[in-house]
Amino acid sequence: MTLTPGTRLGPYEILSPLGAGGMGEVYRARDSRLGRDVAVKVLPAEFSADAERLRRFEQESRAAGTLNHPNILTIFDVGEHDRSPYVVSELLEGETLRQRLAGAVLPQRKAVDYALQIARGLAAAHEMGIVHRDLKPENLFLTRDGRVKILDFGLAKLVTPRLGQALETNAPTTPVFTEEGRILGTTGYMSPEQVRGQPADHRSDIFSFGSVLYEMLTGQRAFIRDTGVETMSAILKEDPPLLSSSPSVLPPGIDRVVRRCLEKNREERFQSSSDLAFALEGALTDSSISLPRRLPASASRRLRPGLLIAGLAAALALGALLLLLDVGGLRRWLRRPAGIAEIRSLAVLPFSNLSADPQQEYFADGMTEAVIADLAKIRALSVISRTSVMRYKEVRRPLPDIARELGVDAVLEGSVLRSGNRVRITAQLIHASTDRHLWAESYERELSDVLNLQTEVARTVAEQIQIRVTPF
């Protein structure tokens with residue numbers, strides 16, 4: 001169904017077409033209630049023929065609309081116009097990952113940066129029980145400020161093209177059956193269990209993620225063959241060429257991450273996208289790849305030079321103030337307290353969510369992951385993996401007992417308290433055998449950018465810990 005400028009879908013007035021594809025047509029529209037431009041994706045009318053499937057789609061789209069993450073497209077509304085369902089979302093400017101790739105190899109720094117953003121977005125969705133089921137370059141959007149947005153959560157279950165069309169074409173992004181007992185996903189990016197018609201879960205998204213990352217790093221699709229049937233056979237039985245055979249030299253850690261994502265048995269893949277993101281960050285520790293720091297999306301294109309200078313000055317002043325405030329603490333702890341042996345191993349217990357909102361668990365878990373990743377960079381320190389410590393989440397046991405089970409010299413525990421647009425993060429280092437507090441600090445910030453805030457606090461904590469565990 002093609003809409004002309006001026007057509008109204010409830011409160012939305014169509015302004016101009018933005019694009020079209022197998023999933024429908026996308027338009028720029030004006031929200032008359034809030035006075036903002038939005039994107040409206042109108043799906044083919046035949047998608048609404050099955051009332052139960054349409055109900056399920058609307059339910060999943062609304063669930064996706066509850067996600068609040070910088071790497072997931074924000075959904076504002078869903079509706080129906082002339083028997084055609086539509087989705088209203090934020091209006092993005094940029095291009096899809098498919099357009100950016102165009103058969104080319106991305107610079108390693110870009111590829112890993114994009115991969116980390118995708119993994120964090122998937123982690124946020126998976127923690128809410130939402131599985132994408134159709135992750136591919138067409139559903140990953142790159143904004144002009146370098147941010148990745150995952151598109152089309154909830155749409156995969158709606159797509160049900162004809163079987164013959166799905167299997168006979170050699171198009172690498174052909175969507176195929178999506179209901180339980182039928183093939184679900186997109187040829188070339190679906191997981192082995194999807195090829196077999198088994199239900200997809202979050203680990204299916206991780207397999208698709210591995211296929212996308214492989215393509216970003218090599219410029220080649222991991223499993224593409226001449227026909228859809230041959231491609232699905234390759235997904236079930238074959239491994240893609242080694243990353244080491246690509247023109248550019250890749251860090252071994254990145255290769256291991258991709259290989260684990262593409263395991264045929266879902267039990268052998270990463271068991272969560274949070275673990276996947278942590279592994280990617282760990283792989284960076286052993287490589288020369290460095291990632292860019294990014295301004296919040298809302299500010300990156302709008303800051304005027306005067307405001308930018310003022311902001312930088314304020315940031316420098318804040319950094320200097322924090323340093324001054326901590327000088328006493330640094331001096332107190334530059335020498336290890338009497339009776340405290342050198343700390344060679346450490347466990348970061350899951351940060352506690354002290355906020356009234358249980359939805360903030362993802363933020364607390366993100367802080368845990370960020371701190372572990374930064375502490376793992378300290379060569380003199382052995383840090384227990386996130387997977388091993390997460391079993392102690394919300395477990396009330398004496399810290400010396402936990403430390404003894406994990407075999408560590410010290411434990412770092414912390415908490416997150418979010419109120420409105422401010423967040424307070426507290427961290428404390430405890431010596432295992434004596435249960436003695438070695439260091440503690442609180443950080444209170446405006447919650448303008450979750451990812452940058454997590455990174456900032458994690459690095460600060462890691463620097464403080466390093467002072468206390470590095471031998472003199």
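These legends accompany several close-up views of a predicted model.

**View A. The largest nonpolar core, centred on the best-connected members.** This core has 55 residues, and F209 and M216 touch the most other members. Helix α3, spanning residues 108-127, is the top contributor, giving 10 residues to the core. As a bit of background, nonpolar side chains in soluble globular proteins tend to be buried together.

**View B. The surroundings of M216.** Which residues is M216 in contact with, once its neighbours within four places in sequence are left aside? The partners are L97, L101, V105, L106, A111, Y114 and A115. Apart from the core of View A lies another one, made of 39 residues; L346, V371, L375 and L412 are among them.

**View C. An open sheet of three strands.** Have a look at the order here: the strands run β7-β8-β9, with antiparallel pairing. Strands β7 (94-96) and β9 (148-150) form the edges, each pairing on one side only. From one strand to the next, the twist averages 25 degrees.

**View D. The pairing of β7 with β8.** Strand β8 covers residues 140-143 and joins β7 through three bridges in the antiparallel sense. If you would like a residue pair to find in this view, try G94, which stands opposite T143 in β8. In general, strands of a sheet pair through backbone hydrogen bonds, either parallel or antiparallel.

**View E. Helix α3 against the sheet.** Here we return to the helix from View A, which gives the most residues to the largest nonpolar core. Helix α3 lies across β8 and β9, and runs at about 35 degrees to β9.

Conventions
Residues numbered from 1 in each chain as written. Predicted model: local features only at pLDDT ≥ 70, side-chain atom pairs only at ≥ 80, totals over all residues. Heavy atoms only, no water. Core = buried A, V, L, I, M, F, W, Y, C linked by side-chain atoms within 4.5 Å. Buried < 20%, exposed > 50% of the residue type's maximum accessible area, 1.4 Å probe, protein only. Helix = DSSP H or I, 4+ residues; strand = E, 2+ residues; numbered from the N terminus. Contact = heavy atoms within 4.5 Å. Pairing = 2+ DSSP bridges. Axes fitted to C-alpha atoms, helices over the stretch in contact; angles between N-to-C directions.
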